Each structure stands twice: as structure tokens, then as C-alpha cells.
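Reader: I've got a model open and I'd like to learn how to read it feature by feature. Could you walk me through it?

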Amino acid sequence: MTHTANKNRYSRDIYNRSGNSGLLLPQVSLGLWHNFGHVDDFETGRETVLTAFDHGIIHFDLANNYGPPPGSAEENFGKILKNDLHPYRDELIISTKAGYRMWDGPYGEWGSRKYLLASLDQSLHRMGLEYVDIFYSHRFDPDTPLEETMTALADAVRQGKALYVGISNYDPDSTRRAAGILEALGTPCVIHQARYSMLDRWVEKGLLDTLDENGIGCIAFSPLAQGLLTNKYLKEIPENSRAANPYGFLQRSAITPGLVKTLNKLNALAARRGQSLAQMALAWVLKDPRITSVLIGARNKEQLLDSFKCIGNTDFSIEELNIIDDLLAEY
Ligand SMILES: NC(=O)c1ccc[n+]([C@@H]2O[C@H](COP(=O)([O-])OP(=O)(O)OC[C@H]3O[C@@H](n4cnc5c(N)ncnc54)[C@H](OP(=O)(O)O)[C@@H]3O)[C@@H](O)[C@H]2O)c1
């Protein structure tokens, strides 16, 4: 039986325009990098996706290699689409990417035309889709001409396999060049997916200005720094956490005493604002009008709902911003 979606899911206008495009994204989007692979509990992931949709979170972000094993997040999401969300396809914004290693040999990663277009076909097959809404080049390839990578993205649109194109993890200069090529090809770059959180502010050093100048939106990934900017690590490393998990990229060694001290001070400030640390960390990213959406991960629907509550309290006083800057400088 297909899912009967909450009738009130669009009762709040939580959508931002991505740059100058027609693409509208919820302020909070859900990514399936972790927690949705074959190593994870399928029902928990399914519940998280359906809860998101019932709250107006219509954007789901994937990549060819999400799992583990690689590809399994797309397979599981395809199952949810087929069984539950199929009638709602036209309401959904589904993205995927290619750039990191997915299969053996010289064409299993980076930015060649052969890799990108073959990978997109594989992603469509795994998800049971005719097209994705956004197809990204997942990382800049220093050895393939940028024209080749961008033409492959534009051709994905021409072939009807993607509606919009974006780039991820490109520095400001490569972003400017990519945007120029895509513009000339008639398939503008509508979005850049970049890591951005209180603990990683590299986009403030040029990228956000470049995006603004070129009319490109920004979707901020790992806005909770993979869970560090939540109440998880305030005392210890809990067993049911990404840092304790053998599959992920977040290492126990990242959780230093200095960081824990800063997190506790940020948590106290969040409490004064009537927010959880996660909600304040997301609100802090969303306060910048150049940010279209925060792209969160969630282990379960409870985390998703907690994070979602950041919407509606994204204003910060100058005093609060100064306190946050000082705390982050200390760490
Ligand atoms: N383009 C790229 O190169 C790239 C790279 C990385 C990610 N991404 C995208 O960005 C998405 C999000 O990345 P991310 O998973 O690192 O994001 P994140 O939101 O920074 O971290 C998610 C993790 O934070 C914890 N968490 C979330 N909400 C919580 C809450 N309310 N309370 C307590 N803990 C909470 C959970 O950790 P526990 O599991 O420990 O409970 C969850 O798995 C990915 O799924 C992917 O779509 C893109």
C-alpha cells in the first residue's frame, strides 16, 4: 500500500529559491549518506523518509556511492519510492551525484564524460527513476577538462535524465569557470553543495560571494558537523553514534576535550535561545540569505523532527553572533 501523506504538509512556507533558478528547496533537506545503506535498519530509514515528506521536506539527496555498500542507499530509497512515495513523484526533488570511486578501473571515479553518464544511468536504475531532479558533479577533477565534465552534466539534462545540474566541493575559481561553461551551454548551474557548519567555515572565504555573484544557490552539507554540533557528545561518546561506528568518517579522535568544552558552552547558549544545540547550529547556517537549505543526516525520525524545529528561529542578535564567534575562536 502506498503512503498516505499528511494533508497539512505544505501548511508552512518553508521553501527557499536556489539562486536565480526555479528550483525551490525546503530550508531543511534530508541526505542519505549514512543510515540508509544495507548495513542499516530499512524500516527506520523508511520511517525517517516518510516523516520528512509528511513535514514538507520534499528534497532527498543521494549519491552513487552512499551506503554501505556503495549504491545501497539508492537501492533502499528506490524501494521506498516504489512502495510508498510513487504517487508523489512530481512533488519530490531527488538528487544524485557522481565523482567519488564507485567501480574499478580508470572510469570508476572523477569527472570524465564516460564515468558521469554511466554512473547516472546506474543511479536511475537503482532508484527505479526515469530522471533525477538534480545531477551533481561530486568533486572537481583536476585532470579532466572542466568543459568535458560540464558538457556531460548539460547532456544529462538534454537526454531527459536530469532536470537541473549542480556542483559540489568546487573552490571559488573552479565554481566561476564551471558556471560560465554551463551558462554558455544553456543549462545553468543552479546549486552548489558545500560543507558548512559552525566548525567548518571555509565557504565564508570566497565561495558564498562567488555563488551570490553568479546567481547560484548553496545547500550546506554536514551542518551538524556529522553530529558533533548536537547534544550527543556533551559528556561522552555514546555507543549509538557515528563516532563509535566502524563505517563512517567521524573518528573518536575528533572529539577532543577542548571541543567538548566549546560544545557545552554553545549548548548553554542554545538553551538560552530556547533551542537544542542541533537546532541552533542549523539556524546559524540558515541565517545567511545565501544559504538555500541545510542538508542534514538523521539516524531516525526523532532526530529529524528535533532538527526540523530550527525553522522559525533563525534570527541571531549581534551579541549572540559575537559570543559564537568568540567560542569558536577559542576552540
Ligand atoms: N557533497 C558531499 O561531498 C557530501 C559529503 C557529506 C555529506 N553530504 C550530504 O549531506 C548529508 C548530511 O551529512 P551529515 O549526515 O554529515 O549531516 P549532519 O546533519 O551534520 O550529521 C548527521 C548526524 O548528526 C546526528 N544528528 C542529527 N540530528 C540530530 C539531532 N537532532 N540530535 C542529535 N543528533 C543528531 C546523527 O548522528 P548519529 O548517527 O551519531 O546519531 C546524524 O547521523 C548527507 O546525507 C549527504 O546527503 C554531501
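**Reading the model, piece by piece**

Author: Sure, and keep in mind that this is a predicted model. Let's start with a helix on a sheet: helix H3 (residues 113–127) lies across strand E5 (93–98), strand E6 (132–137) and strand E7 (162–168), and runs at about 140 degrees to E5.

Reader: Can we zoom in on one residue of that helix? Is Ser123 buried or exposed?

Author: Count the C-beta atoms around it. Ser123, whose place is in helix H3, has 25 C-beta neighbours inside 10 Å, so it counts as buried. The cut-off for buried is 20 or more.

Reader: And which residues is Ser123 in contact with, leaving aside its neighbours within four places in sequence?

Author: Asn64, Glu74, Thr96 and Val132. For a pair further along the chain, take Leu81: 42 residues separate it from Ser123 in sequence, and their C-alpha atoms are 14 Å apart.

Reader: Now the strands. How do I read a sheet?

Author: The general idea is that strands of a sheet pair through backbone hydrogen bonds, either parallel or antiparallel. Here you get a closed barrel of 8 strands, in the order E3-E4-E5-E6-E7-E8-E9-E10, with parallel pairing. On average, neighbouring strands of this sheet are turned by 30 degrees against each other, direction ignored.

Reader: How many bridges join E3 to its partners E4 and E10?

Author: With strand E4 (residues 59–61), strand E3 (residues 28–31) pairs over 2 bridges, and Leu30 has Phe60 as its bridge partner there. With E10, E3 pairs over 3 bridges, again in the parallel sense. On that side, Val28 is matched with Val294.

Reader: What joins E9 to the strands E8 and E10?

Author: Strand E8 (residues 189–195) and E9 run parallel and are joined by 5 bridges, with Ala220 as the bridge partner of Ala194. E9 and E10 pair in the parallel sense over 4 bridges, and Ala220 stands opposite Val294 in E10.

Reader: Which way do the side chains of E9 point?

Author: In a regular strand the side chains alternate between the two faces of the sheet. In E9, Gly217, Ile219 and Phe221 point one way, while Cys218 and Ala220 point the other way, and all are buried. With 5 of its 5 residues buried, strand E9 (residues 217–221) is largely enclosed by the rest of the structure, so you won't find an open face on it. E10 is mostly covered as well, with 6 of its 6 residues buried.

Reader: There's a ligand too. Which residues come nearest to it?

Author: Of the 31 residues around the ligand, the nearest are Gly31, Trp33, Leu224, Gly227 and Gly297. By element, strand E10 (291–296) and helix H9 (301–308) each supply at least two residues of the shell. H9 gives the most, with 3 residues.

Reader: Back to helices. What do I look for in H7?

Author: Begin with its length. Helix H7 (residues 257–272) has 16 residues and reaches 23 Å from first C-alpha to last, close to the 22 Å expected at 1.5 Å a residue. Then ask who is buried: Leu263, Leu266 and Ala270. Seen down the axis of H7, those buried residues fall within an arc of 65 degrees, so they line one face of the helix. They pack against helix H8 (277–286) and helix H10 (318–330). On the other side of H7, Pro257, Gly258, Ala268, Ala271 and Arg272 are exposed.

Reader: Is H10 buried or in the open?

Author: Of the 13 residues of H10, the number buried is 0, so H10 lies largely in the open. H10 reaches 18 Å from its first C-alpha to its last, close to the 18 Å expected.

Reader: Last one: which backbone torsions should I check?

Author: Look at omega and phi. Cis peptide bonds join Gly67 to Pro68, with omega about -5 degrees, and Pro68 to Pro69, also with omega about -5 degrees. Pro68 lies in the loop between E4 and helix H2 (72–85), and so does Pro69.

For positive phi, see Ser222, near 50 degrees and not a glycine. Ser222 lies in the loop between E9 and H7, and counts as buried with 23 C-beta neighbours inside 10 Å. Ala225, in the loop between E9 and H7, has a positive phi of about 50 degrees although it is not a glycine. Ala225 is partly exposed, with 19 other C-beta atoms within 10 Å. Just after H7, Gly274 takes a positive phi of about 75 degrees.

How values were computed. Residues are numbered from 1 along each chain as its sequence is written. This is a predicted model: local features need pLDDT of at least 70, side-chain atom pairs count only at pLDDT 80 or more; totals for chains, interfaces and linings use all residues. The expected span of a helix is 1.5 Å times one less than its number of residues. A residue is buried if 20 or more other C-beta atoms lie within 10 Å of its own, exposed if 12 or fewer, and partly exposed in between; C-beta atoms are placed from the backbone. The arc is that of the directions from the helix axis to the C-beta atoms. Two residues are in contact if their C-beta atoms, placed from the backbone, lie within 7 Å. Two strands pair if DSSP finds at least two bridges between them. Axes are lines fitted to C-alpha atoms, for helices over the stretch in contact, and angles run from 0 to 180 degrees between N-to-C directions. A residue is near a molecule or strand if its C-beta atom, placed from the backbone, lies within 6 Å of it.
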